[in-house]
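The following exercises concern the pairing of strands. Please study the sequence and the structure before attempting them.

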Amino acid sequence: MTQAGRQGSPRNSSGRNNPQRNTSQGGKSAGAFRGGAPKRGGGFGSDRPQRAPKPREERFIDPDLASDGPQQGRGAADPKAARPSSRKPAARKPGAKKAPGTPGALKPKPRTGAPGAAASRAFGSERFGQNLGPVRRPSRKRGPRGDVPQSELHDADGVRLQKVMASAGVASRRVCEEMIAEGRVEVDGQVVTELGVRVDPKTSVIHVDGLRIQLDENLVYMVFNKPKGVVSTMEDPEGRPCISDFLKSNKNTGERLFHVGRLDVATEGLLLLTNDGELANRLTHPSYEVPKTYLVQVRGPFPQGIGAQLKEGVELEDGFASVDSFRLVDSTPGHVLIEVVLHSGKNRIVRRLFDAVGFPVLRLVRVKVGPIGLGDQRQGSIRNLGKQEVGHLLASVGL
């Protein structure tokens, strides 16, 4: 008996007497011991003829479903590509057959470059100014303006309009060209749709979707969250804390800045700082009626009818004054928080209004001027306005 026969299975009695069978069984055991699985019909010492492998069948490729080139992913012949997708077709999704805009209808996915997408909005990549809403311009009556031919706007020595817009950070040059072709860009009050127009960045006034683009890099626009006890001046002869004390850590320390409006020492909140004299004059001029929003804390309870009285008007020592809107924000035992909006720029107007109705102000915070809001800005900090915020601010006073 061979060595391979001795290693055969003892349960198979026929293996002891059949040398061919013992040889076959020994080949299987040795292969299993070595860790390899014996091949069917092709083991060592087997007398079976080895069969040739079957040729692989060529798969049918649908020319309509196949890829255009040999290097473009999987075609219809790929078994992984032929697996049924677990995603529901668009026609079977709930709300697919409902008209757009109706309750339960599918919301369309925004496309890159489409109007309203972030890529096609002016300064759409900036952090601040995304939620300021549509551009609001002052409701001032102006005379009729005649149409100016685009040829007169063209400056042969100037810079291409789309390049000026891209340099100002509006969007990429390609998106700026799309904005011009769609009629969304104005130069000196005239809509421009030709891509070859050249302008002078120093003298031209450019608007995108009604948003003014500030091309003068020397102009600075900042917002300061003034704490209580700070005087609204750049210098104070009495040595009290003033605005310049908070500008020391700002990179625009060398600029000659002035504040837009004033807040008394006890009032906190938003104070605009800029070196744009024209903007400052318009923001403080009563004819532009720039709204200002305040949060007022008084002692409660606050009876009904006082809000209507403040909106109708209260007689003060310098004439009648009123608020544009009145809203009760919060009420706790002994205290009431109220939001008021008014466009008057008279000195201490909010405090005098509430004193006149018998509810002296305990705490007063200005949270918004025009389209610019304080948000979650830390008290005592100063930040530069984004270009989109500057555009809304300029547009609110007709610039």
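**Exercise 1.** How many residues lie between S13 and S14 in their hairpin, and which residue in the turn has a positive phi?

*Solution.* The model examined here is predicted. Begin with the two strands: S13 covers residues 325-332, and S14 covers residues 335-342. They run antiparallel and are joined by seven bridges. At the turn, Thr332 is found opposite His335 of S14. Two residues separate the strands of this hairpin, and Gly334 in the turn has the positive phi, about 95°.

**Exercise 2.** Determine in which sense S10 and S14 pair, and over how many bridges.

*Solution.* First locate strand S10, at residues 292-299. Its pairing with S14 is antiparallel and extends over eight bridges. As an individual example, take Tyr294, whose bridge partner in S14 is Val340. S14 therefore has S10 as a partner as well as S13, given that at least two bridges are needed for two strands to count as paired.

**Exercise 3.** State the strand order of the open sheet of four strands, and identify its edge strands.

*Solution.* The order is S3-S2-S5-S6, with antiparallel pairing. The edges are S3 (190-192) and S6 (211-213), each of which pairs on one side only. On average, neighbouring strands of this sheet are turned by 35° against each other, with direction ignored. Next, consider one pair in detail: S2, at residues 185-187, is joined to S3 by three bridges in the antiparallel sense. Within this pair, Glu186 has Val191 of S3 as its bridge partner.

Technical notes. Residues numbered from 1 in each chain as written. Predicted model: local features only at pLDDT ≥ 70, side-chain atom pairs only at ≥ 80, totals over all residues. Heavy atoms only, no water. Axes fitted to C-alpha atoms, helices over the stretch in contact; angles between N-to-C directions.
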